[in-house]
Each structure stands twice: as C-alpha cells, then as structure tokens.
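User: Please take a close look at the ligand site in this model. Describe what surrounds the ligand and which contacts are made, then move outward to the other features worth listing.

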Amino acid sequence: MAGNWKMYKTPAETVAFFEKFRPLTGQSDHCEIVICPPFTSLAAAADAAKGSAIRVGAQNIAWAKEGAFTGEISGPMITATGATHVIVGHSERRQYFGETDETVLKRTQAALEFGLSPIVCVGERLEERENGNTEAVLVRQFRKGIAGLTETQFARIAIAYEPVWAIGTGKTATPEIAADAHRTIRAQVREKFGKDGADAIRILYGGSVKPENTRALMAQPEIDGVLVGGASLDPVSFASIVNF
Ligand code: PGA
C-alpha cells in the first residue's frame with residue numbers, strides 16, 4: 001500500500017502526519033506500507049517512521065550518480081535520507097516533465113544500482129483508451145521500459161498501473177477494468193520473464209483510490225496493492241485504506 005504525496009507537505013507537516021498515522025497502522029502487518037513525500041521531506045519522514053514497518057520512498061530519481069544535472073536528485077542522495085523506495089515514470093512526470101519509456105528504464109536501473117526498490121508506473125491516457133489503444137500503450141511502455149531489465153533486476157521492482165484518466169479525477173477504474181489491464185501487464189511479464197516472474201511481480205493499481213473503493217479493488221486477485229495520491233495525504237484516510 002503506497003502513498004504518493006506528490007508536491008504536498010513540508011517536513012513539519014510530514015512529522016504531524018506520522019504522529020497520527022503510526023498509531024492507526026501499528027498492527028498492520030498484512031501488507032507493506034510505503035509513503036513517498038517530496039524530496040525535501042524524505043529525511044523527516046524516514047526519521048518519523050523509525051521503529052515502525054513503514055517505509056519511505058522518493059517520487060523520482062536521477063539516472064546518474066552525480067554530475068552536472070541541475071535540479072536532479074541521485075540514488076545515493078535518496079538513500080542517505082533513509083528512504084528505501086522510489087516511484088519511477090509516474091504519468092505526471094511523463095506528461096509534464098518529458099519522461100519517456102527510455103528515461104524510465106534508465107532511472108529504474110539507477111534505483112536498483114543504488115539499492116532502492118522502484119515502483120515503476122505505466123498507464124494509458126483517456127484518448128488512448130477511447131481509441132481502443134490501452135493494450136498497445138501498456139505493451140509499448142513495458143517493452144521499451146521494464147523489459148530492458150535483467151531477470152535479477154526485475155525481481156526487485158513493483159509495477160503500478162495508473163490509468164491517466166483516473167488520476168486525481170475522482171474517476172476510479174472499475175475493479176474489472178483495472179484487473180483487465182493488470183492481466184495485460186502480467187502477460188507481458190510472463191512472455192519476458194517467465195511464469196515465476198509473472199507469479200511473483202506485484203502490480204499495484206493507482207487512480208482515485210479511496211477508503212470506500214479499496215476493498216473492491218483489492219478483492220481482485222490481479223490487484224496486489226494500491227498506489228494512492230490524494231487520499232494518502234490524510235492520516236485517517238490512508239490508514240483506513242491500509243487497513244481495508
Ligand atoms: P490519486 O493519484 O489517488 O490522487 O488519483 C494517484 C497517483 O497519481 O499516484
């Protein structure tokens with residue numbers, strides 16, 4: 001169960017979140033919990049999560065270790081904060097910041113090289129779905145991105161299916177639509193990494209996940225977890241998603 005805070009919460013707001021969130025999820029050992037604050041709140045989050053099972057992740061990562069890359073944050077800088085995970089290729093990065101399948105692969109490889117667990121995002125836009133291209137888009141994103149990993153690297157990632165039309169719009173994909181897309185992705189995994197890879201890979205659903213729809217989504221055997229934006233900002237709401 002992963003929370004993506006996007007561009008919300010200062011370090012002080014992060015500490016306040018954890019104070020409320022930790023007691024609500026202290027007994028939650030049925031799943032892994034990852035919270036992804038902005039870079040500037042990573043250290044505060046990692047510190048506030050100490051002694052709990054909650055893990056902290058970044059929302060992006062540079063493909064290089066260091067160098068003349070103004071505005072980028074590298075793997076060693078992320079791990080130095082205490083974070084262990086990173087979201088790669090979120091649709092907002094693809095849409096507004098020029099992220100491509102190729103850069104998603106490079107960033108994922110960098111995350112793995114520096115010991116972080118990547119959550120790699122894929123998903124189609126509204127017009128792609130309306131034109132019947134959902135499968136083609138997912139296949140392309142998989143083949144040009146994730147398929148470039150070695151088997152060992154692949155074993156360390158999770159995939160998030162996030163249909164762009166469902167993100168921040170209040171329009172959740174129905175559990176059936178989401179499961180269908182997950183099947184497409186898993187079939188690609190099977191083709192490239194074999195049955196063991198397909199059985200082991202965790203595919204999260206993301207896009208307007210809320211406390212009210214989590215149970216129905218999680219009831220689909222194809223859906224292994226959720227990546228939550230808006231509803232992860234409030235400790236009570238994210239805790240009720242975690243404890244669905
Ligand atoms: P949302 O965002 O839950 O606010 O739709 C999900 C995401 O973008 O990760």
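Analyst: For the ligand, a polar contact is a pair of N or O atoms within 3.5 Å. The model is a predicted one, and every value below is computed from it.

By that cut-off, the side chain of E162 makes a polar contact with the ligand, with one of its N or O atoms 2.9 Å from a ligand oxygen. K6 does likewise, its side chain placing an N or O atom 2.8 Å from an oxygen atom of the ligand. For N4, a polar side-chain atom and a ligand oxygen are separated by 3.4 Å. As for burial, the ligand on its own has 290 Å² of accessible area, and the protein covers 95% of that.

The shell around the ligand holds 13 residues, and K6, H90, G168, S208 and G230 are the closest of them. By class, seven residues of this shell are polar, four are nonpolar and two are charged.

S208 also has a backbone feature to note. Most residues other than glycine have a negative phi. S208 has a positive phi, near 55 degrees, and sits in the loop that runs between β7 (202-206) and α10 (211-218). K9 is another non-glycine residue with a positive phi, in this case about 85 degrees. K9 belongs to the loop between β1 (2-4) and α1.

Helix α1 leads on to the aromatic pairs, of which the whole structure has nine. One of the pairs joins F21 and F238: the ring centres are 5.4 Å apart and the planes meet at 15 degrees, so this pair counts as stacked. Because F21 belongs to helix α1 (residues 11-25) and F238 to helix α11 (residues 235-242), the pair ties together parts that lie 217 residues apart in sequence.

The last topic is enclosed space in the protein. One cavity reaches the threshold of 30 Å³ or more. The largest cavity contains about 40 Å³ of space. Its lining consists of V122, L138, V139, F142, I146, I185 and Q188. Two elements, α7 (134-144) and α9 (175-200), each give two or more residues to that lining. Helix α7 supplies the largest share, three residues. The lining of the largest cavity comprises six nonpolar residues and one polar residue, with no charged ones.

To return to the site itself, the ligand shell includes two charged residues, whereas the lining of the largest cavity has none.

Note on methods
Residues numbered from 1 in each chain as written. Predicted model: local features only at pLDDT ≥ 70, side-chain atom pairs only at ≥ 80, totals over all residues. Heavy atoms only, no water. 1 Å grid on protein atoms, 1.4 Å probe; cavity = no way out; pocket = protein on both sides within 12 Å on 5 of 7 lines; lining within 4 Å. Points joined across faces, edges and corners; volume = space filled by probe spheres on them. Helix = DSSP H or I, 4+ residues; strand = E, 2+ residues; numbered from the N terminus. Nonpolar A, V, L, I, M, F, W, Y, C, P; charged D, E, K, R; others polar. Near = heavy atom within 4 Å. Polar contact = N/O pair within 3.5 Å; in protein donor to acceptor, adjacent residues only side chain to side chain. Areas by Shrake-Rupley, 256 points an atom, 1.4 Å probe, with all protein chains shown as cover. Phe/Tyr/Trp six-rings, centres within 6.5 Å; stacked < 30°, edge-to-face > 60°.
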